[in-house]
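Welcome! Please take a moment to look over the sequence and the 3D view below, and then read on for a short tour.

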Amino acid sequence: MNEFMKLAIDEALVGMNINDGGPFGAVIVRNGEIISCAHNEVVKTNDPTAHAEITALRKASSTLGRFDLSDCEIYSSCEPCPMCFAAIHWAKIKKLYYGASREDAANIDFDDKYIYDVIKGVAKELQVDVVQINREESLEPFRKWKIKVDKTRY
């Protein structure tokens with residue numbers, strides 16, 4: 001068994017056993033060295049974004065002092081949800097290894113199919129009523145960003 005995946009699974013079990021959140025763990029590795037380990041902490045923190053992957057990304061970014069993790073890999077005990085998958089992309093991580101599938105997670109009531117359906121535009125009902133307002137006023141920060149000379153791109 002892959003040592004980093006074993007650690008991700010162990011993290012999932014730890015978090016689940018102490019009731020921090022669901023049975024999910026993640027490990028971020030750079031050049032064979034563990035940068036961060038985390039488990040789901042949604043219940044512990046009352047933070048719906050505190051999934052294992054997000055928590056591992058936050059820890060790795062803090063440890064390395066940067067948001068670009070393109071020289072890292074992530075090991076997740078389960079296929080990441082859409083939020084975590086997007087965050088992995090924002091971190092520029094080039095390789096994701098995962099164990100259980102999203103279908104496996106759905107079988108224990110962690111079903112993100114609805115979110116995938118919303119993203120694809122095929123959801124039968126929408127949970128969130130999305131309304132665009134004040135577009136012109138909201139473009140002001142964008143106009144200023146476009147001409148800002150000292151911005152940090154990411």
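Which helices and strands each supply at least two residues of the lining of the largest pocket? They are helix H3 (52-64), strand E3 (73-78), helix H4 (82-90) and helix H5 (102-106). Helices (H or I, at least four residues) and strands (E, at least two) are DSSP runs, numbered from the N terminus.

Before going further, a word on the source: this is a predicted model, in which local features need pLDDT of at least 70 and side-chain atom pairs count only at pLDDT 80 or more, while totals for chains, interfaces and linings use all residues. Residues are numbered from 1 along each chain as its sequence is written, and side-chain values use heavy atoms, with hydrogens and water left out.

**The pocket**

The largest pocket holds about 310 Å³ of space. A pocket here is an open set of points on a 1 Å grid over the protein atoms alone, where a 1.4 Å probe fits, with protein on both sides within 12 Å along at least five of seven lines; its lining residues have an atom within 4 Å of a point. Grid points are joined across faces, edges and corners, and the volume is the space filled by probe spheres set on the points. In this pocket the lining has 20 residues, and Phe24, His51, Cys81, Phe110 and Asp112 lie nearest the centre. H4 gives the largest share of the lining, three residues. By type, the lining divides into 12 nonpolar, three polar and five charged residues (Ala, Val, Leu, Ile, Met, Phe, Trp, Tyr, Cys and Pro count as nonpolar, Asp, Glu, Lys and Arg as charged, and the others, Gly among them, as polar).

**The overall fold**

The protein chain has eight helices and four strands, and along the sequence they follow the pattern α-β-β-α-α-β-α-β-α-α-α-α. Its C-alpha trace spans about 55 × 40 × 25 Å along the principal axes. Of the 154 residues, 35% are buried (buried means under 20% relative accessible area, exposed over 50%, partly exposed in between, with a 1.4 Å probe and protein chains only).

**A hairpin and a buried alanine**

Strand E1 (residues 25-30) pairs with strand E2 (residues 33-39) in the antiparallel sense over six bridges; strands pair if DSSP finds at least two bridges between them. Isoleucine 28 has serine 36 of E2 as its bridge partner. Also in E2 is alanine 38, which is buried at a relative accessible area of 1%. Leaving aside residues up to four places away in sequence, alanine 38 touches Glu11, Phe24, Gly25, Ala26, Ala52, Thr55, Ala56 and Lys59, where contact means heavy atoms within 4.5 Å.

**Asparagines with positive phi**

Most residues other than glycine have a negative phi. Here are some asparagines with a positive one.

| Residue | Phi | Place |
|---|---|---|
| Asparagine 19 | near 65° | loop between helix H1 (3-17) and E1 |
| Asparagine 31 | near 50° | hairpin of E1 and E2 |
| Asparagine 134 | about 50° | loop between helix H6 (113-120) and helix H7 (135-138) |

Asparagine 19 is exposed, at 58% relative accessibility, whereas asparagine 134 is partly exposed, at 44%.

**The cysteines**

How many disulfides does the structure hold? It holds zero, a disulfide being a pair of cysteine sulfur atoms within 2.5 Å. For cysteine 37, the nearest cysteine sulfur is that of cysteine 72, 12 Å away. Cysteine 72 is buried, with a relative accessible area of 2%.
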